[in-house]
Amino acid sequence: QVQLVESGGGLVQAGGSLRLSCAASGRTFSSYAMGWFRQAPGKEREFVAAISWSGGSTYYADSVKGRFTISRDNAKNTVYLQMNSLKPEDTAVYYCAATSRGVADPYDYWGQGTQVTVSS
């Protein structure tokens, strides 16, 4: 079992930055690939970014490439999402998730989400 708790969301103006954190419980965090997803009101949940268990490979949605950076610290059981040059369309609830398989496979565990609101 892995429990995930996101933090770092908030209200920011367009062009600003936020860093989301996702703290994981359990001693096997380093064996999980991690992902960030988001869901805006009235829209389906969408993929944002993912990182392999070692941190050696990262993947991004086209909409955030060049603006967002995913990273992880396995010693701290934490994955991060650095979000720069934020746009109003980035407004959503952001979720982190863990998978014991590949980053493109279904995710097994989900956090409760953190709200990010970008004002224009």
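Is Phe-37 buried or exposed at 10% relative accessibility? In this predicted model, Phe-37 counts as buried, because its relative accessibility of 10% falls under the 20% cut-off. Phe-37 also takes part in ring pairing, as described below.

The structure holds 5 aromatic pairs. One of them joins Tyr-32 and Tyr-109; the ring centres are 6.0 Å apart and the planes stand at 75 degrees, so the pair is edge-to-face. This contact links distant parts of the chain, with the two positions 77 residues apart. Tyr-32 belongs to the loop between strand E3 (18–24) and strand E4 (33–39), while Tyr-109 is in strand E10 (residues 109–110). Tyr-32 has a relative accessibility of 10% and therefore counts as buried.

A further edge-to-face pair is formed by Phe-37 and Tyr-107, with 5.0 Å from centre to centre and 80 degrees between the planes. Distant parts of the chain are again linked: Phe-37 lies in strand E4 and Tyr-107 in the loop between strand E9 (92–99) and E10, 70 residues apart. Tyr-107 has a relative accessible area of 12%, so this residue is buried. Phe-37 and Tyr-107 also belong to a cluster, in which ring pairs link them with Phe-47 and Trp-110.

Charged side chains were also found over aromatic rings. Arg-45 lies over the face of Trp-110, at 3.8 Å from the ring centre; Trp-110 is itself a member of the cluster. Arg-72 is placed over the face of Phe-29, with a distance of 4.5 Å from the ring centre.

Conventions. Residues numbered from 1 in each chain as written. Heavy atoms only, no water. Phe/Tyr/Trp six-rings, centres within 6.5 Å; stacked < 30°, edge-to-face > 60°. Helix = DSSP H or I, 4+ residues; strand = E, 2+ residues; numbered from the N terminus. Buried < 20%, exposed > 50% of the residue type's maximum accessible area, 1.4 Å probe, protein only. Lys NZ or Arg CZ within 6 Å of the ring centre and 35° of its normal.
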